[in-house]
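Subject: Model for your review

Hello,

Please find the structure below, followed by notes on what was found in it.

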2 protein chains.
Amino acid sequence: MLRILDAALAEFARYGLGGSRIDRIAAAAGLSKPNLLYYFRTKELLYRAVLERTLAMWLEPLRELDPDDDPADALAGYITRKLHYSRTHPEGSRLFAVEVIQGAPYLEPVLRGELAALVEAKVATIRSWIAAGKLAPVDPYHLLFMLWATTQHYADFAAQVRTLTGHDLADEAFHASAREAVLGVVLRGVLPRP
Amino acid sequence: MLRILDAALAEFARYGLGGSRIDRIAAAAGLSKPNLLYYFRTKELLYRAVLERTLAMWLEPLRELDPDDDPADALAGYITRKLHYSRTHPEGSRLFAVEVIQGAPYLEPVLRGELAALVEAKVATIRSWIAAGKLAPVDPYHLLFMLWATTQHYADFAAQVRTLTGHDLADEAFHASAREAVLGVVLRGVLPRP
DNA sequence: GTCTATAAGCGGATAGAC
DNA sequence: GTCTATCCGCTTATAGAC
């Protein structure tokens, strides 16, 4: 049931597994609590289902980072995709943020397996760009962390961003200014001087 | 009671207010649940006390950003202070992250008041550096967000960083490499070309 | 599949002895 | 100040009718 997963994502992304209440999820999804438990037998199983559904969207943007592209294009594309994801799926971003803050009890196998393998491949890509003189020498892990941090910030800390600026990424002009600022600083920061 | 506040910080920074359990806090602090409630009459009051105690450490680094410094020095100092804070007080960082992810229900007045005023002043500082030609033209709000995001990431996502790299900021060498990478990219990204 | 009713247990908070 | 015992509401989960 899609309505349940959407309601559960909104709840879990805010309160984590322990702080979430299945009666709130049931109400938001428009059914009774026992009926929700007919589809997902326990709260934990529902949490796992929500995590799993969001996983693909989380890994995909990095997968598309193409070693054959020019690094300027590849990094610009990655930042653009990640910011777009923060705009269209802020709750997915916050779900993973909360899960990781709690020590990633459910996501740890994915971090250690699928994500670690993917990151290793992209670290090699970044190293090859540096070796080819197309990128300033920067630690690839820290570069990836910077890309994640700067783009996910607009989803994870949206409440703070909104309070301080009056805007969020749903604002097209604000989205464009965020993209321009992140692209500008990061690309100037990692591309070799002409 | 300092032991209580420390134990409560560890719990709240992980699980948020709703997901935290006062019996876990009491056990970690080495006293009984009723005895904990003798010092803090409700869970919410304890949460407010922990937030308040952590607040100063959260605002202080930004306050020290000195408009009279050279921007390269000022920004380097700010990044260094923030990274140091992520190292020495990762739970404080995560406490605010969880609170903001949940929509900042308790911190909102601080965001709207004290933080907003402080940010406005620092935005003016950044604008003055740009007007003086000492800084590339970059949106000051987005620059601040980038500084927060890149430095707090090592505290807030420490579990992920640890799984992917095997290190955290407690490692002196890792701390140094993170500092060098962030400093390098951000400073090259915002300082005008010589 | 969906509901009402309810069991079973957890968790916040209090009473009262020491 | 600190504890044991306990109350009571809330939350997850089940039973069972429709």
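The notes cover the surroundings of one DNA strand and then one helix.

This is a predicted model, in which local features need pLDDT of at least 70, side-chain atom pairs count only at pLDDT 80 or more, and totals for chains, interfaces and linings use all residues. Residues are numbered from 1 along each chain as its sequence is written, chains are lettered from A and ligands numbered from 1 in the order in which they are written, and side-chain values use heavy atoms, with hydrogens and water left out.

DNA strand C is surrounded by 13 residues (near: a heavy atom within 4 Å). Ser32(A), Asn35(A), Tyr39(A), Lys33(B) and Lys43(B) are the closest. Of the strand's atoms that come within 4 Å of the protein, 62% belong to sugar and phosphate.

Phosphate oxygens of DNA strand C have polar contacts (N or O pairs within 3.5 Å) with a polar side-chain atom of Tyr39(A) at 2.3 Å and with one of Ser32(A) at 2.8 Å. Helix 3 of chain A (helices are DSSP runs of H or I, at least four residues) gives four residues to the surface near the strand, the largest share.

Helix 8 of chain B runs over residues 140-156; its 17 residues should span 24 Å at 1.5 Å a residue (times one less than the number of residues), and its end C-alpha atoms are 23 Å apart, which agrees. In this helix, 16 of 17 residues are buried (under 20% relative accessible area, 1.4 Å probe, protein chains only). At its start, a side-chain oxygen of Asp139(B) comes within 2.9 Å of the backbone nitrogen of Tyr141(B).

Regards

Notes:
Polar contact = N/O pair within 3.5 Å; in protein donor to acceptor, adjacent residues only side chain to side chain. Helix = DSSP H or I, 4+ residues; strand = E, 2+ residues; numbered from the N terminus. Buried < 20%, exposed > 50% of the residue type's maximum accessible area, 1.4 Å probe, protein only.
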